[in-house]
Structure formats: structure tokens, C-alpha cells
Amino acid sequence: MRRSILPVFAHRLAILCYIVFALFPLFWLLKVSLTPNDLLYSEGVRMWPSRTTFEHYAFVLQHSAFPVFFKNSVIVSGSTAIAVTIIASLSGYALSRFTFRTKYWIVGLMLLTQMFPLVMLVAPIFKILTPLGLTNSLTGLVVVYTAFNVPFATFLMQSFFDGIPKDLEKAAMIDGATRFIAFRQIILPLTLPGIAATLGFVFTAAWSELLFALMLINGNNAATFPVGLLTFVSKFSVDFGQMMAAGVMALIPAALFFLLIQRYLVQGLTAGAVKG
Amino acid sequence: MASITIDNLAKSYGTYSVLQGVNLEIKDGEFIVLVGPSGCGKSTLLRMIAGLEEVTSGEIRIDASRVNERHPKDRDIAMVFQSYALYPHMSVARNMSYSMRLRKASKEKIEAAIAGAASKLGLEPYLERRPKALSGGQRQRVAMGRAIVRQPKAFLFDEPLSNLDARLREQMRAEIKKMHGDLKATSIYVTHDQIEAMTLADRIVAMHGGLVQQVGSPLELYDRPANLFVAGFIGSPGMNFFEGTRHSDGVRLADGTLLKVQLPPGADDEQGITVGIRPEHVELSAEGVGATVDLVEPTGFGIILHLSLNGVDLKVFTSDRAFLTPGQQVSVSFPTHHLHFFDAGGNRILR
Amino acid sequence: MTSRQHLLPARLTATTAMMPPTGTILPMTTAFTSSHGRRTRKPFLAQLADHAEPYLYSAPALILIITVMLVPLVLGMSYAFRDIQLLNPFSGGFVGLDHFRTLSQDKAFSGALKNTLWWTGASVVLQFTFGLILALLLDKPFRGRGMVQALVFLPWAVPSFLAGLNWAWLFNPVIGPLPHWLFALGLIDQPGNLLSDPHHAMWGPIIANVWWGIPFFAITLLAALQSIPRDLYEAASIDGANWMQRFLSITLPFLAPTIAITVLLRTVWVSNFADLIVVMTGGGPADRTQIVASYIFTQAFKALDFGYASAIALVLLVLLIAYSMLIILPRQTLLNKG
């Protein structure tokens, strides 16, 4: 037993290094956001300021457009997550349960969308959405984000559906259900982890999206958090405390969602990875 | 309850044929067992009756009306799956009542049906539990309960006992038989286990290679197997076979022994023939052919002896605890009325 | 690899499964004349519905993907041959290969190509290496593994723009500790901003990218690791294999398909990933961190020259397809031989 202590120690130490590396930047963000302005420079490299303050948060909430950005981002990310989850449940179910002629074309199309540079679409999408009045609008963003996230979400949902025995909906159909009722009443409730994973994944993705938001939105009214924060940074680039307070606020919903669903997400990717 | 007619039913996937022209007449209230090795098409046939597989050609009729194009939900049949296929997110009671709720049956009716099925199957204490919290045998009972509450036209069983251990399988087998005795419901039961087939069936349908080999009562199949496949498949330990040729006054076996038997005339001499005898019908007697004991397998209620007879392997089942050991000499004899003869095409020669 | 392997037999069943309807419609007409005709009349429509079903389920996804991704993609390709400037109402005409001619002379573009190689190569190699180590560390059961897993995977959930800002601040000598630490270690002469040093600026976004991308590799590799049957390791141990031998003879071969596919997908993805660079350096200083993807964005967003941006994008697409083919084709031929 004695010999096994050293590897265990090395293992724990390595894991500790990873945790420190993963969390330090976030810790620093939090630290600066809580440091009063007068200590910002004098205590620049200290691990924790001698005094903490919430004044940056108060300022951001009261004197900036961040509450609007936050609300916009919640609307956009929330609607996108819900829309994608509904659409991807249906298409993921189709890929999991049916064999049909064009299935492999559909899979191929979805894989293709994962391969080509989305920046390619910035210009054409802007050109298409402008006459439709969907630039500078949250709806436009939701439509675009939904389309972008459907392919991956479809594969994710498919891997969850694949894990549910086909006998279940066969039993339901023999019990007197149509396929759609079997899907709704039997299969979907069993896919709740998958739905949670998809919701969380898409919410986070939409919450983070920057390039299309920058391109399609100008002005504060429809700006999402990334756009708002970036504008704020370029305008008030010395108010580090306030910027980081805003950063912490942008982080919270994404991180919360992630911590809630990461178990299911790993599970879904596991199923996906096994298939390759 | 209903009768089911299978009329020249075939199923193929592209050029790969799974079932080729199956005909079967199932009477009202009959318990039919489809038996055969895996890949023989028995499950496919069952699933086609259920409506889970499309029909390539032929017809399925329930109570004389064609159901080929009917959706499973409109066929009014119940099915017990090998995996049980219980809805994991529903309690036992809700699992059993799902079909009735889909049909919008009244609350009282549903409750009465659940109570009836639960008492029949001894499930009363578990009604509010989820399937996950049940043992294998209990899940099996819930799956049967789900079929019972329906009062369907027919019950379909797809290898329902395969996932149970030996002891439980025996017990559930008896329960299914008892249940059928009570309900007198038309049942089609798929299994690869010939003991299940023998014990449960009113009639057995033995299948192989997508074709029905023989239909008959269990003892008919045991006593008068129609061909080599059925002869070898039914019965455990399996039948012994010897190759030989037809001779004017009997059969000459490969080793030169002449079996004096009366065979129907008509066929030519020197034709290939297979002789079969069940291990339990071989007699260990003082006068007979000498054989060497290769292996002794005691099963408790008898002994399976693996013998070598002039270089040919032979299995003998005896309830006599002779305490033989490998290497010992015994003599065996074959009562002619227990012999089965099959022609070169593998078909039974009637005597 | 495995996905491609299971595509083939399934495609066969897909085509064959479509065959029965023609066979079953014919006998139905005979049944129609029987006394149960009223019941068998409906199934023709019901059958039609049955076969339309998979399309009904996938229709919303397909419509969305085609209108919002495929159509703009094709449109974008056509822009590459047109003069499209947002602020110039007289633009829009076809210019043939003009954009590509300009592109071949464009020093910024060739620089961006080189930077893309550097950015992608360094990011993917480092993400993969550290991700694999992390996955191996997490594959061993220990107390609090779930908690650790949630913490080390957290960077993945950080919005990319925030990750970029966060690291930009960490590299900022006014507010971040990194320059001071690097200075203290003697790695730099003075605690300046790495991101404004033309020779080393690219390391800033790369480090941020590694931080952000390790979890992706760790999660997929961990998933693949956990699908390796445990008894293989037990059998190998009984056969006397040590840790390294087990790793080489069991772990690596089992991981190989996952590694190949994730590295391929990730390489493509990282080379398209402009967020961190746009946020952290904007391509500067002096275009030293400009990659092709961020260059496209700069052209479209800042210069509003959609035609030129699309031409660059098309070149990038061709390069990526060539790269994917380079990886996939030899594997395919190997597989076909096997």
C-alpha cells in the first residue's frame, strides 16, 4: 500500500493545478469587480483587496444600459433555447427512429453546416435580413441563432433518443397510441435529461454569440450582453471595476446553466462519442 | 377473443427473405407457440401480426377481417415484450392503465380493471411503485397485467421469459399457463426454448429458415416429427441420428449393422436414409450392441450418457443410477417402435 | 470513422424499407371488394401519412437550415464574384475574379493565412494534450470527482467574448497579475502588455483559447475513455502489462477514432473561431494576430466590403475542404481496403 501514495499524491496535485488554471481567471474577474477604485492600482497584484465593495455593481445596474442588455440576452437566449429544443427533438427523433430515403442527405447537410465558416454567412445574412426588417431586432437574432444551433442539437437529442429502447413506443402503439402520442407521452418524458442538456447548451451558445450580434445589431435597444459589454469596454476602457462587474453578471447565467446541466451534457456526448 | 388467419404471408428486406409463404389458422382461444432457432422468422411473424412490421405479401386476418394496413393501435391486440417495455416514468398502476386512458375509459372502469389484474397477478402491494423498484419477476407480471386489463382480441408474447433466471422462468411459465386457462384468450407466444413450447402450447408451430416446418400438438411433434429439423429441435437432450442406406429388409447403417424394420414400399433400394432415436428411448440391456462410455452427465433426476458405438456418438438418457464411469463398457438396444426414419430430403417416412 | 461505418449498411436498409408500399397497395384493392371494404379504404391515406412521417418530424429543422444557412452560403459564394459594398449604392455588379486577384496581392491576407496556421496548430495541439491529460486524470474514480469535473469544465461555459476580455485584462499590466509574474520570473524585461508586443502577441489569444478549449477535448475523450470495457484492463493486468503498456495497447487504439474525429472537427472549428482575436487584439498589433476568419469579419464589419469578405471566405472554405479531404480520404481508402 505504501508505494501507491506517491501516484495518488501526484494525481491530486495535477488535478489541483487544473482547477487553479480553470478558475483563476474567473477569480480575478470577481476580485477586481469587488475592489474599490482607490485600491485598484495600489493593490494591483494582491490576491484579495483589503476592502471590498459592491459599488461597481451598483453603478452598472443603475447608470448603464446593462439591465437592458441583460434583458435582451435573456430573451434571445431563452427563445433560441426553447425553439431549438423543440425543433431538434423532432428532427433528432426522426433521425433516431426512422430509416428513410433522404436521411443520409439530411445528416450530411447537418454535418456540412458544422464544417463551413459561419463568418461566411455574416454578409449574406445581413443582406437578406435587412429588407425583412430583421436587422436590429431580437427576432432576427433568434431566427439566426436557432438555425445555427439546430444541427448540433439534433445530433445531441438523437443520441439521447438512441438510448431509449424502441420497444417502449412499440408497446405504446400497441396500447393504442399514435406514433406522435407515443413520442409525446412516452419518449419525451424519458428524454428530459437530453432536453435539459440541449436547453443549457443552446442557451449558453446563444448567450455567448458575438459576431452576428455585432453585425446585425447597432444601438443599445436591441444589443445583447456581448455587444453591450464590448461597446462599454471601448467607451470606458479605464473603468475596470465596472467592466468586470458587468463581466461577472454576464457570466452568472451561463455558468449557472452549465453547472445544472453539465452532468447530462457529458452523458449525451458520451453516447455521441461512442458512436463516433 | 378472436381467431387469426395467416394467409401465405411473406416478408423480405430487399432480396433478403425472412418469411416465405406462411399459412396458419389460429382458432379462437387457442394457445399457439412459435418456436425455432434465432433467425427463423418467428419474431418477425409475431411483429407482423402486431402491426410493427410491414407485410411484404400475403394477408393477416383477425376475425376474418384483413388487418395488413391497420395501425397497431387499431388491431386491438396486446403484446408482452422480452424487455417488458414498461414505461419507466409511470407507476405500475399507470403502466397497466395506459391503454385504457388512451381509449378514454371511465375512471371506475380503469380502477376495476387495475384491481382485477393486480389481484390476479399478486401486484396489489406494488401499484404505486415505478418499474425500476421492482424485481425481474414483478416487472414480468406488470407487463402481463398491462396486457390483461386491455381484454384484447389476442395476446402476443415475444420471448417474455428470456430475461428471467431459470427458477423464475419455470414459475412464470406455470402462471402464464394458468392465466390462459382462466382467460381462454387467443395467444401467440414466441420462444426459442422448446421446453416452454412443449409445456405451454395447445399447438406448436416449429419454424426454420422462414418456413413453417410442422404444426401440431406438443406430443405430435415429439412423437411424430415431420422432418429432421423438428426431430432435432424438439426434445432435450436431442435425438440421436444415424446415417444409413435403405435395404430390402430394413436399413443398413454406415457401420454395416442391419436394422430389420418394415418400411413402406415404393422407394428404391440403396437410397440414403437417416434413422433417429431419442436418448430416453435407447435401452441399456444385457443383450445388445456394445458401446463405450465417454462421458457421464448426472442431471439429478436421471443421467445423460455419452457413448461411443463403433465410432459413432450416441446419447442415452436413463433414470437408472448405474454409477457408470467413463471407459466402461455397456450394451444398448434400440426398440424398433421408437425409431424414426427420414428420407434423403429429411422428411419423415411414415410406417 | 465509426459513424461512416454504420452509414453504409443503414443506407441499404433505408432504401429497401421503402419498397414494401408498392407491394402492399395492390392486394388492398382486392380486400376493398370484400365485406370489410369500408375498413380498408382509409389505410391508403394512412399509409401515405406513415411514409411522410419522418419528413414531418424533420421538416422544421430542414427548412430553417436551408433558408438561414444553405441559401446564404450559396449567396455568399456569389458575392465573391460581385462588387458588394454596403455604403456604395452603385455597387452590386459582377467583377469576375477581381477579388481573387486583389487577394493574391494582399499582404494582410497572406499574413493572416500564416497566422491562421500558427493559431490553429498551437491551439489544437495544446488543447488536445492538456485535454487528454485531464481526461485521463478524471477517468480514475476518486472522492469529489463530480465536483472537480464541474469546476474544471467551467471555462467551457464562459461566453467566448468574456473569456477574451478576461484574458485581455489578465495580460494588462495595469489590472492583471500576469505581466508582473512573468517579469518576476525573468521571462520579460519589463511588465508590459503581451498583447501589444508584435512578436509574442499571438500567444495571448492562444493561451485564452487553450484555457477555453481544454474542457471540450477532456469531455469527449473522457466519454470515450469511459466506454472502454474495464475487463480489458483487468485482463491486460493479469497478463502482466504495466500502466504504459496498457495505455499504448488498449487506451490509445480505443481512443483513436474519437481523437481523429475530434481533432479534425476542432481544427476546422478553431481556424474559423475569430471571437477571441476580435475581442482581445482586434487583429493587431500591426496585423500580427490577424487570422483569416477575423480578417473576413474586419472586412465585412469595419470596411463593409461584403464582396471582398466573401471572396476571402470562399478561399478559406476551399482550404478547409481540402484539409478535411486530406485527412479523410487516406483513412477512407484504408478502411475500404480493410
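Let's start with chain A. It splits into domain 1, residues 1–53, and domain 2, residues 64–275. Keep in mind that this is a predicted model.

How far apart do the C-alpha centres of the two domains of chain A lie? The distance is 32 Å. The domains do touch. Eight residues of domain 1 of chain A are in contact with eight residues of domain 2 of chain A.

Now the area. Between domain 1 and domain 2 of chain A, about 630 Å² is buried. Carbon and sulfur atoms give 80% of that. Which three residues supply the most on the domain 1 side? Leu29(A), Val32(A) and Ser33(A) do, with 57% of the area that domain 1 of chain A buries against domain 2 of chain A.

By element, helix H1 of chain A, residues 5–34, gives the most to that side of domain 1. Its share is six residues. By class, the side of domain 1 of chain A that touches domain 2 of chain A has seven nonpolar residues, one polar residue and no charged ones.

What about specific polar pairs? The salt-bridge rule finds zero across the interface of domain 1 and domain 2 of chain A. Residue pairs in polar contact between the two domains of chain A also come to zero, counting pairs with both residues at pLDDT 80 or more.

Over to chain C. Its secondary structure is 16 helices and zero strands. Chain C has 338 residues, and 48% of them count as buried. Next, contacts in chain C with a separation of 6 or more. Of these, 64% come from residues 24 or more positions apart.

Key. Residues are numbered from 1 along each chain as its sequence is written. Chains are lettered from A and ligands numbered from 1 in the order in which they are written. This is a predicted model: local features need pLDDT of at least 70, side-chain atom pairs count only at pLDDT 80 or more; totals for chains, interfaces and linings use all residues. Side-chain values use heavy atoms; hydrogens and water are left out. Domain bounds come from an automatic or database domain assignment. Contact means heavy atoms within 4.5 Å. Buried area is the accessible area (1.4 Å probe) that two parts lose on being put together, summed over both. A salt bridge is a side-chain nitrogen of Lys or Arg within 4 Å of a carboxyl oxygen of Asp or Glu. A polar contact is a pair of N or O atoms within 3.5 Å; within protein, one must be able to donate a hydrogen and the other to accept it, and residues adjacent in sequence count only if both atoms are side-chain atoms. Helices (H or I, at least four residues) and strands (E, at least two) are DSSP runs, numbered from the N terminus. Ala, Val, Leu, Ile, Met, Phe, Trp, Tyr, Cys and Pro count as nonpolar, Asp, Glu, Lys and Arg as charged, and the others, Gly among them, as polar. Buried means under 20% relative accessible area, exposed over 50%, partly exposed in between (1.4 Å probe, protein chains only).
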